[in-house]
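This report addresses internal cavities and unusual backbone geometry. Please consult the sequence and the structure shown here.

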Amino acid sequence: IIHPDDADVVFVAGLGHPYGANEQRGVFKTIDGGKTWKKVLYINENTGAIQVEFDPNNPDILFADMWEHQEGPWENAKFSGPNSGLYKSTDGGENWRKITKGLPTAEDGLGRIGVGIAPSNSKLMFATVDARKNGGIYKSTDGGESWTFLHGNRRLWGRGGDFAEIKVHPTDPDRLYVANVASYTSADGGKTWSSLKGAPGGDDYHRIWINPTNPDIMLFVADQGAVITVNAGRTWSSWYNQPTTQLYHVATDNAFTYWVYGGQQE
């Protein structure tokens, strides 16, 4: 993420190598446009940062989700450890403290958290919280200091290792969007939800961008590419016109010039 007033100040959420312990995990900061970096939040060799966000109305305030997680050679995790959690900084990312009030604990099997902050009222925040016990959609009205459980339907937050994306409409804090296997929207601050765009088709939505000056324009990024709406989700562009693919493995042959091969998902 890039500081809104100083483009030389950038923060990176570093997950690190997902298959083993390593030091390249945590939140990193540069103040010289990427020439040099400092690790400003680090827990241990198994805990990476998976998201970092500015308060949209005060860039001295940041939130970071730390995720203690390691993949195996199979899908869906070798292990998830006890050090996952949400952290807050109020001094431009130099110091951080863990936020726990109202959120599931390590004993509940807390995993990845996804955070969305309301641009129109940054005291209002929402989160997708992956946990074996008490997982769901959570809400904060005090700038992330404390949280209350809002909704438990697993379609909104399940498979948290794959999906943890929740966004708030730029001007309407009651309008929320969640990306998961399908995508969902709420018009009442997360109390009730309806399907926006989704399966069948193995859609798997990962990221959402909402145009801050014309929020009817939204970009949803999925396994197959990206789709755009210009009318708040009533109609969408196609991903079939994009030369994009998701490959799990690539290899080359011995020809000259060599060919590249890949196994494509879906």
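In the classification used here, Ala, Val, Leu, Ile, Met, Phe, Trp, Tyr, Cys and Pro count as nonpolar, Asp, Glu, Lys and Arg as charged, and the others, Gly among them, as polar. The model under discussion is predicted.

**Cavity.** One cavity of 30 Å³ or more is found in a search of the whole structure. The volume of the largest cavity is about 30 Å³. Its lining consists of Q51, V52, E53, F63, A64, D65, L86 and V115. Five of the lining residues are nonpolar, one is polar and two are charged. Two strands, β4 (47-55) and β5 (58-70), each contribute at least two residues to this lining.

**Backbone geometry.** Most residues other than glycine have a negative phi, and most peptide bonds are trans. Against this background, a cis peptide bond connects F256 and T257, with omega about 0 degrees. T257 is situated in the loop between β20 (247-252) and β21 (260-264).

Positive phi values in residues other than glycine occur at R159 and at D204. The table sets out these two residues.

| Residue | Phi | Loop between | Relative accessible area |
|---|---|---|---|
| R159 | near 55 degrees | α1 (154-157) and β13 (165-168) | 41% |
| D204 | near 55 degrees | β16 (194-197) and β17 (205-210) | 7% |

Buried means under 20% relative accessible area. D204, with a relative accessible area of 7%, is therefore buried, whereas R159, at 41%, is partly exposed.

Key:
Residues are numbered from 1 along each chain as its sequence is written. This is a predicted model: local features need pLDDT of at least 70, side-chain atom pairs count only at pLDDT 80 or more; totals for chains, interfaces and linings use all residues. Side-chain values use heavy atoms; hydrogens and water are left out. On a 1 Å grid over the protein atoms alone, a cavity is a set of points where a 1.4 Å probe fits but cannot get out, and a pocket is an open set with protein on both sides within 12 Å along at least five of seven lines; lining residues have an atom within 4 Å of a point. Grid points are joined across faces, edges and corners, and a volume is the space filled by probe spheres set on the points. Helices (H or I, at least four residues) and strands (E, at least two) are DSSP runs, numbered from the N terminus. Buried means under 20% relative accessible area, exposed over 50%, partly exposed in between (1.4 Å probe, protein chains only).
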